[in-house]
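Me: I would like to go through this model with you, beginning with how its chains meet. Could you start with the term we need for charged pairs?
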Protein chains: 2
Amino acid sequence: MSKIAIVIFDKFTDIDLFLMWDLLNRVRVEDWEVKILGENERQVSATGISIATQGIIEEANSSDAVLFVSGQGTRAKMIDKDWLSRFRLNSEKQFIGSICSGSLLLAALGLLEGKMATTYPTTKTALESFGVEVVEKPFVAHGRIATAGGCLAQQYLIGWIIENLADKDWRDLILKSIQPVGEGLFFEDAENLTRLYAPLPKAQTV
Amino acid sequence: MSKIAIVIFDKFTDIDLFLMWDLLNRVRVEDWEVKILGENERQVSATGISIATQGIIEEANSSDAVLFVSGQGTRAKMIDKDWLSRFRLNSEKQFIGSICSGSLLLAALGLLEGKMATTYPTTKTALESFGVEVVEKPFVAHGRIATAGGCLAQQYLIGWIIENLADKDWRDLILKSIQPVGEGLFFEDAENLTRLYAPLPKAQTV
C-alpha cells in the first residue's frame, strides 16, 4: 500500500496543490491513497478557494510520502512552532518533498541541514537564512528528500514520487498525459490514456 | 473592466480548472474579475474535490471571456439541452475558449461549425462527430474562439486571454512565473515576480 500526504495550510498557492493532486490521482495501482491534510477541516487558498481537508496533519507521520505545497502561508507556518511540532517525519523511511516556498517548511523542520535545495525565486533569501545552499535548478533530490522550484517543476517532483512508489511506466504515462497536444501528447496516445481513467482500485481516496 | 468566466460542472478535471484559475488571478490590472460559474452552488471534480461556485452560468453571457473546462462531465453536458440553452454567447464580442474536452461544449453550442479545432486525444472522435475538423495542435484560434488540447496547453489559451484583455507584458510575466526554476524562470526574476503578489486592485474576485 502507498499512502501519500499532501500538506496544505491557509494562503496556499492553488496550482501547487492541484497539479500534484491531479497527477497523483491518475495512478491506478492497488491501494494507492492520496490525501490532502491540514490543521483545519477546511483551508483557504491565496485566491480564496476553500478546500475540505481529508485528514489531520499528524497522518503525514505514517505516510509513505509527504509533500508540502507552497504559497504566502508558508511564511506563517515556518515560524509556527506548535504546527511544526506535530510533524515527526523520517527521511530514512518516507519520501519527503516540497514545491516552491514549501522548501521553507522542510528547512524549518530541520530536513535540509547541510543539503543543497531549490525554491521559488522570491523565497531564495528566506531559505538561505536557514543555512541552506540554494541552487538554480528545477529539482534537487538527496536520498528521500527533494525540493522543486517553479510550479511546473511539480512534474519532476511528482514524477520522482510515482517512479519510486509505483513505477517508471506510470510516471512516463502520467507526465505525458498533461503535455500539450502535438508537443509530447499525440492523438495516437488515446487508447493508452484510458488506463488513467479506469475505475479506481480499492482504497483510492475520495 | 474585464470579466472572465470559467464554467465548471460535476466531474471536471481539477488541473483544467485550477491552472487557468491561478494564472488568471495573477493579473494585477484594475477591475479584473475572474469568476467560477456553475449550475449548482457547489460542483464536484472527477477526483471528488467540492468547489463553491461564485455565480450562475448565465453570468457567462455578459462576460468578456468565457472558458470551458474539461473532464468526464463534458459527456453529460454536451447533450444536456436545458444546460446548453442557458448560454447566449456572442463570438463577435466575447473571447470564448476551451481546454481539452471542453471543446465538446463549444461544439454543442454551435461555436465550432466549419472550424478546425483541437481537443484531448480521448475525445477526438466525439468532437469529430459534431462535424469539426480536429487538428493535432496544442492551440487553435479563429477570431475570438479558441480551443486548446492537453492540460499544459492552458498556457497558450490563458496567454491568449491575458494578451487580449490585459497586455503582452502581463502574459509574458505570468507564463514565466510558473516555469521550472532554471528552465524559463530564474532567481534574478524575483523582484519582477512581486508584481504578481501585489495587493489586489478593486473588483478582484473572492
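Reply: A salt bridge is a side-chain nitrogen of Lys or Arg within 4 Å of a carboxyl oxygen of Asp or Glu. Please keep in mind that this is a predicted model.

Me: With that rule, how many salt bridges are there between chain A and chain B?
Reply: The count between the two chains is 0.

Me: And how many residue pairs are in polar contact across the interface?
Reply: The rule finds 18 such pairs between chain A and chain B, with both residues at pLDDT 80 or more.

Me: Which elements of chain A give two or more residues to that side?
Reply: They are helix H1 (14-24), strand E4 (50-52), helix H6 (154-165) and helix H8 (190-193) of chain A. The largest share comes from H1(A), with 6 residues.

Me: What about the residue classes there, nonpolar, polar and charged?
Reply: The side of chain A that touches chain B divides into 26 nonpolar, 17 polar and 9 charged residues.

Me: How much area is buried between the chains?
Reply: About 4000 Å² is buried between chain A and chain B, and carbon and sulfur atoms give 69% of that area. On the chain A side, the residues that lose the most area to chain B are A:Glu136, A:Leu152 and A:Phe187, which together account for 18% of what that side buries.

Me: How many residues does each chain bring to the contact?
Reply: Chain A contributes 52 residues and chain B contributes 52 residues. Of the interface residues of chain A, 100% are also interface residues in chain B, so the copies meet through the same surface.

Me: What turn lays one chain on the other?
Reply: A turn of 180° with a shift of 0.0 Å along the axis lays chain A on chain B, at an RMSD of 0.0 Å. The two copies are thus related as by a two-fold rotation axis.

Me: Which residue of chain A comes closest to the rotation axis?
Reply: That is A:Phe18, whose C-alpha lies at 3.3 Å from the axis.

Me: Changing topic to the sheet in chain B: what is the strand order?
Reply: The order is E5-E2-E1-E6-E7-E11-E10 in an open sheet of 7 strands with mixed pairing. Strand E5 (55-56) and strand E10 (139-142) of chain B are the edge strands, each pairing on one side only.

Me: Do E7 and E11 of chain B pair in the parallel or the antiparallel sense?
Reply: Strand E7 (residues 95-99) and strand E11 (residues 145-148) of chain B pair in the parallel sense, over 4 bridges.

Me: Which residue in E11(B) is the bridge partner of B:Ser98?
Reply: The partner is B:Thr147.

Note on methods. Residues are numbered from 1 along each chain as its sequence is written. Chains are lettered from A and ligands numbered from 1 in the order in which they are written. This is a predicted model: local features need pLDDT of at least 70, side-chain atom pairs count only at pLDDT 80 or more; totals for chains, interfaces and linings use all residues. Side-chain values use heavy atoms; hydrogens and water are left out. Contact means heavy atoms within 4.5 Å. Buried area is the accessible area (1.4 Å probe) that two parts lose on being put together, summed over both. A polar contact is a pair of N or O atoms within 3.5 Å; within protein, one must be able to donate a hydrogen and the other to accept it, and residues adjacent in sequence count only if both atoms are side-chain atoms. Ala, Val, Leu, Ile, Met, Phe, Trp, Tyr, Cys and Pro count as nonpolar, Asp, Glu, Lys and Arg as charged, and the others, Gly among them, as polar. Copies are superposed by least squares on the C-alpha atoms of residues with pLDDT of at least 70 in both. Two strands pair if DSSP finds at least two bridges between them.
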